[in-house]
Amino acid sequence: MLQTLWNNRIECVAVLLFAVGFFTLILHPNLLKKIIGLNIMDTAAYLFLTSIGYIRGRLAPIIVNGNTNPESYVNPLPAGLVLTGIVVSVSVTALMLALTYRLYKAYHTLNVDEIYMLSREKLEREEGKKEESE
Amino acid sequence: MSFSLNFPLFAIVLSLICSVVSALLPRKAARVLSLVLFGMIAASSAVILLYTGKTGRIFFYQMGHFPHPWGNELKIGALEALFSLAFSLVLLSCITGGSRQLRIDLVPKTSNLYYSMVDLLQAALLVLVYTNDLFTGYVFIEICTIASCGILLIRQVGRTTLASVRYMIFSLVGSGLFLFGVILLYQVTGHLLMPNLRECIALLWKNGQYRVPLLAAMILISVGLSIKSGLFPFHFWMPDTYGYATPASSGILSGLVSKGYIFLLLKLVFDVFGTEVFYQSGLQNVFYVLGFLGMIIGSISAMRENDIFRMIAFSSAAQIGYIYLGIGVSQTFGVAAALFHVLTHAVTKPLLFLSAAQLSEAVGGKKQFKELQGTAHFNKFAGFAFTVGSLSMIGIPPTMGFISKYLFAVSAFHANLKMIPTLIVLAVSTVLNTIYFARTLIRIYNNPDGTSPSRIPNSAQKPFVLSAVFLIVMNLIAGIASQPLVNLLRESLNLF
């Protein structure tokens with residue numbers, strides 16, 4: 001059991017990191033920390049992908065000295081997937097940061113629960129005003 | 001005719017190009033460009049549907065120069081063509097029908113970006129329907145998320161920013177789980193193309209190898225996609241999201257985006273996990289229970305709601321419940337019913353959102369039920385359209401809603417243990433649907449004190465009337481002549 005865990009130590013760390021990021025994203029009230037959680041989660045997934053894509057003793061898939069034997073290189077696909085994934089998570093992070101900036105400008109706080117309460121109060125005040133004017 | 005097999009790729013690339021070009025065009029040109037684009041995609045999908053329907057085969061379209069186990073592929077069959085046809089037609093009518101509110105809600109300087117986002121959404125939906133490669137699926141799920149957040153955010157009133165943040169967080173959780181599931185599958189099998197994955201998974205499952213990672217991957221992927229499509233315990237973002245967006249966006253988000261994820265999930269069940277493995281894993285029972293609860297709780301929440309848009313949004317949660325119930329009941333009749341209900345809901349929900357927007361505008365932009373008294377008299381056509389939509393949601397013949405309820409009932413008779421609970425939940429949820437839609441209809445037609453209406457000029461109504469007539473006609477045609485459609489769905493399930 002311990003031997004298996006040790007052999008797959010990178011995968012285990014990746015799963016742990018994924019869990020940390022996942023729960024930060026869901027449970028943490030601070031918007032910026034939520035975004036950090038999102039990045040930890042995505043990076044953990046890429047760590048997992050990179051670690052299964054690497055085979056000890058093999059080279060990066062660029063032909064050196066005319067050696068075309070496929071056995072001496074690693075599969076380039078996992079690295080390609082990681083690159084694609086990084087592009088995706090960068091764009092999602094940018095969008096989330098823009099949204100956070102907009103919310104902070106409107107409510108002057110980063111705490112989601114506080115923002116929720118403030119917006120509810122604002123809504124009630126507006127409705128109250130409407131009824132008064134009627 | 002076999003040239004038509006190139007159309008899906010053309011449609012995807014063209015939508016992506018149009019999305020970029022729209023960002024540079026003035027508003028009107030961007031709008032015309034998207035309308036032409038959606039029309040062309042609908043026409044080409046119809047051609048593909050005719051061709052694949054006639055040959056009765058499924059084609060694999062290789063992209064780039066890497067053949068089968070390495071490259072990227074599209075899968076083109078009658079089912080895919082049917083759904084891309086339906087999605088592009090509904091998208092077209094949402095943009096047309098909501099154009100009046102779009103003009104009001106959008107900031108003039110940036111309003112061309114709305115059409116850019118919609119084109120991007122069309123590309124993502126097409127890829128979710130056609131793709132045969134798991135990682136491409138993941139990338140376009142994220143693109144779909146970004147585009148839907150864009151069309152939600154574009155209306156700068158009230159709580160849209162907060163609503164979109166919540167929507168994004170739920171979506172990101174869902175796609176993170178999906179990504180991890182895909183990586184696990186890739187680790188175990190070494191494949192990303194769906195047919196190869198299915199062969200590998202079937203073999204591994206039969207030999208009893210790697211059961212835990214396979215099961216974990218299946219759970220991660222199913223949970224991820226059901227969070228994104230808004231299945232019962234994850235439906236809390238729906239009312240905020242659909243309630244505050246501009247009506248065209250609400251229609252698109254509830255009618256199409258969540259359906260794209262469901263279609264991808266069904267594709268994965270049939271093409272990646274394989275029905276045998278999936279229906280042995282017990283996951284379908286989880287879907288069944290969650291769908292069951294979603295039908296009841298979504299309807300009860302809709303009954304307690306006083307805001308017409310939020311009510312329609314909760315009703316969406318209930319309809320998503322129906323679809324997952326169908327997937328859970330059985331792999332043949334149940335899934336056919338679920339697919340039919342996807343079409344029903346895609347045609348009906350935008351109609352409801354668009355006509356509710358017209359009704360609320362007739363009383364000066366109010367959304368509460370008590371302020372909507374008698375509004376159907378001020379805008380007669382919108383009242384009629386809302387009535388047809390409600391009847392379809394309740395399931396009165398000759399609408400599509402009736403056929404999908406009938407198909408759910410038929411599927412119940414083919415499931416031994418689940419027969420009685422399925423029939424009971426269908427009956428109960430139909431009664432609940434009837435209660436809240438009938439209450440809304442009575443409110444909008446009952447005008448006790450005859451308050452003066454604020455008239456909308458007839459010319460401004462034209463796009464709405466056009467798209468509502470189109471949606472109603474689609475609904476009735478598919479409801480009356482449903483047999484070819486049902487046959488097509490069942491046949492393609494065998495081919496899937």
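Two residues are in contact if their C-beta atoms, placed from the backbone, lie within 7 Å. The structure is a predicted model in which local features need pLDDT of at least 70 and side-chain atom pairs count only at pLDDT 80 or more, whereas totals for chains, interfaces and linings use all residues. Residues are numbered from 1 along each chain as its sequence is written, and chains are lettered from A and ligands numbered from 1 in the order in which they are written.

**Exercise 1. Describe the overall build of chain B, from its contacts to its dimensions.**

Step 1. Among the contacts in chain B between residues at least 6 apart in sequence, 79% join residues at least 24 apart.

Step 2. Chain B has 21 helices and two strands, where helices (H or I, at least four residues) and strands (E, at least two) are DSSP runs, numbered from the N terminus.

Step 3. The radius of gyration of chain B, taken over C-alpha atoms, is 22 Å, close to the 23 Å that the globule rule (2.2 Å times the number of residues to the power 0.38) gives for 496 residues, so chain B is as compact as a globular protein of that length. Along the principal axes, the C-alpha atoms of chain B fill a box of roughly 75 × 55 × 45 Å.

Step 4. A residue is buried if 20 or more other C-beta atoms lie within 10 Å of its own, exposed if 12 or fewer, and partly exposed in between; buried residues make up 60% of the 496 residues in chain B.

**Exercise 2. Determine how strands E1 and E2 of chain B are joined, and how E2(B) is placed.**

Step 1. Strand E1 (residues 59-63) of chain B runs antiparallel to E2(B), and five bridges join them; two strands pair if DSSP finds at least two bridges between them.

Step 2. Within this arrangement, Tyr61(B) has Leu74(B) as its bridge partner in E2(B).

Step 3. Strand E2 (residues 72-76) of chain B is largely enclosed by the rest of the structure, because four of its five residues are buried.

**Exercise 3. Check the lengths of helices H6 and H18 of chain B against the expected span, and state which of their residues are covered.**

Step 1. The expected span of a helix is 1.5 Å times one less than its number of residues.

Step 2. For the 14 residues of helix H18 (residues 400-413) of chain B this gives 20 Å, and the end C-alpha atoms are 20 Å apart, which agrees. The buried residues of H18(B) include Met400(B), Ile403(B), Leu407(B) and Phe408(B), and also Lys405(B).

Step 3. Helix H6 (residues 134-153) of chain B has 20 residues and reaches 29 Å from its first C-alpha to its last, close to the expected 28 Å. H6(B) is mostly covered, with 18 of its 20 residues buried.

**Exercise 4. Characterise the side of chain A that touches chain B.**

Step 1. The contact takes 27 residues from chain A and 19 residues from chain B.

Step 2. On the side of chain A, helix H2 (9-27), helix H3 (31-53), helix H4 (77-107) and helix H5 (112-133) each supply at least two residues, and H4(A) gives the most, with twelve residues.

Step 3. These chain A residues divide into 20 nonpolar, four polar and three charged, where Ala, Val, Leu, Ile, Met, Phe, Trp, Tyr, Cys and Pro count as nonpolar, Asp, Glu, Lys and Arg as charged, and the others, Gly among them, as polar.

**Exercise 5. Place Ala357(B) and Ser175(B) in their surroundings.**

Step 1. Ala357(B) lies in helix H15 (residues 333-362) of chain B and counts as buried because it has 25 C-beta neighbours inside 10 Å.

Step 2. Not counting residues up to four places away in sequence, Ala357(B) touches Gly98(B), Gln101(B) and Pro247(B); Thr246(B) is 111 residues from Ala357(B) in sequence, yet 8.8 Å away in space, C-alpha to C-alpha.

Step 3. Ser175(B), in helix H7 (residues 160-189) of chain B, is buried, with 25 other C-beta atoms within 10 Å.

Step 4. Beyond residues up to four places away in sequence, Ser175(B) touches several residues, among them Ile141(B), Thr145(B) and Gly224(B).

**Exercise 6. Identify the unusual backbone angles in the loops.**

Step 1. Most residues other than glycine have a negative phi, and most peptide bonds are trans.

Step 2. Asn65(A), in the loop between H3 and H4 of chain A, has a positive phi of about 55° and is exposed, with 4 other C-beta atoms within 10 Å.

Step 3. Tyr210(B) has phi near 55° and counts as partly exposed, with 18 C-beta neighbours inside 10 Å.

Step 4. The peptide bond from Pro397(B) to Pro398(B) is cis, with omega near 10°, and Pro398(B) is found in the loop between helix H17 (380-394) and H18 of chain B.
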